[in-house]
Amino acid sequence: AILDQPLAKKRVPHTMTVEELKRLSHALFKKVPLDKLQLVLSDPGLPFGFCFDDESRELGFYGVGDGAEIHVKDARDHGA
């Protein structure tokens, strides 16, 4: 499971696409297949995490700013 892996912190530009971030995340969390990797924006202003659904969009499109946390999840852990 992804929870068994150490936490990774990276600074990325808001111009990075979701697809590029998924590939970077896959390089960091090799146990999670790329097609099962999910990125979720964690924002204290939202009652729940926000999934990135368009991989061609830049992170800035979703309002990702300085200090934002993006959680990497394994879809296999959630039955998706």
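# Notebook: sheet, helix, core and salt bridges

**Entry 1: a loop residue to begin with.** I started at L46, which counts as partly exposed at 37% relative accessibility. I keep in mind that I am working on a predicted model. L46 sits in the loop that joins β1 and β2. I also checked how far L46 is from P13: the two are 33 residues apart in sequence, and their C-alpha atoms are 22 Å apart in space.

**Entry 2: the sheet.** Next I went through the strands. In what order do the 3 strands of the open sheet lie? I read the order as β2-β1-β3, with antiparallel pairing. That leaves β2 and β3 as the edge strands, each pairing on one side only.

I then looked at the two pairings separately. β1 and β3 are antiparallel and share 6 bridges. Two residue pairs I noted there: Q38 stands opposite K73 in β3, and V40 has H71 in β3 as its bridge partner. On the other side, β1 and β2 run antiparallel and are joined by 2 bridges. For L41, I found F50 as the bridge partner in β2. A reminder to myself: strands of a sheet pair through backbone hydrogen bonds, either parallel or antiparallel.

**Entry 3: the helix on the sheet.** I turned to α1 and asked how it is placed. α1 lies across β1 and β3, and it runs at about 110 degrees to β1. Which residues of α1 are buried? I get V18, L21, K22 and S25. Looking down the axis of α1, I see these buried residues fall within an arc of 105 degrees, so they line one face of the helix. The textbook background fits in here: an α-helix has 3.6 residues a turn, so residues three or four places apart point the same way. As for what the buried residues of α1 pack against, I find β1 and β3.

**Entry 4: the core.** I looked up the largest nonpolar core, which has 13 residues. Those touching the most other members are V18, L39, F52, L59 and V64. Two elements, α1 (18-28) and β1 (37-42), give two or more residues to this core. Which element gives the most? It is β1, with 3 residues. General background again: in soluble globular proteins, nonpolar side chains tend to be buried together.

I picked V64 for a closer look at its contacts. Setting aside neighbours within four places in sequence, V64 is in contact with H14, L41, F52, L59 and I70. L41 had already come up as the bridge partner of F50, and F52 and L59 are on the list of core residues that touch the most other members.

**Entry 5: K22, a lysine on the buried list.** I went back to K22 in helix α1. Is K22 buried or exposed? K22 counts as buried, at 12% relative accessibility; the cut-off for buried is under 20%, so K22 falls below it. Leaving out residues up to four places away in sequence, K22 touches L34, L37, L39 and E55. L39 is a name I had from the core.

The contact with E55 is a salt bridge between the two side chains, at 2.8 Å from N to O. This pair links distant parts of the chain: E55 is in the loop between β2 (50-51) and β3, K22 is in helix α1, and they are 33 residues apart. E55 itself is partly exposed, with a relative accessible area of 34%.

**Entry 6: other salt bridges.** How many salt bridges does the structure hold? I have 4 in total. Besides the E55 and K22 pair, I wrote down two others.

- R57 and D54 form a salt bridge, with the closest N and O atoms 3.5 Å apart. R57 is partly exposed at 36% relative accessibility, and D54 is partly exposed too, at 29%.
- D74 and R76 meet through their side chains at 2.7 Å, N to O. D74 is buried, with a relative accessible area of 3%, whereas R76 counts as partly exposed at 46%.

**Entry 7: recap.** I have an open sheet in the order β2-β1-β3, with α1 lying across β1 and β3. The buried residues of α1 pack against those strands, and K22 of α1 meets E55 in a salt bridge.

How values were computed. Residues numbered from 1 in each chain as written. Predicted model: local features only at pLDDT ≥ 70, side-chain atom pairs only at ≥ 80, totals over all residues. Heavy atoms only, no water. Core = buried A, V, L, I, M, F, W, Y, C linked by side-chain atoms within 4.5 Å. Buried < 20%, exposed > 50% of the residue type's maximum accessible area, 1.4 Å probe, protein only. Helix = DSSP H or I, 4+ residues; strand = E, 2+ residues; numbered from the N terminus. Contact = heavy atoms within 4.5 Å. Arc of directions from axis to C-beta. Pairing = 2+ DSSP bridges. Axes fitted to C-alpha atoms, helices over the stretch in contact; angles between N-to-C directions.
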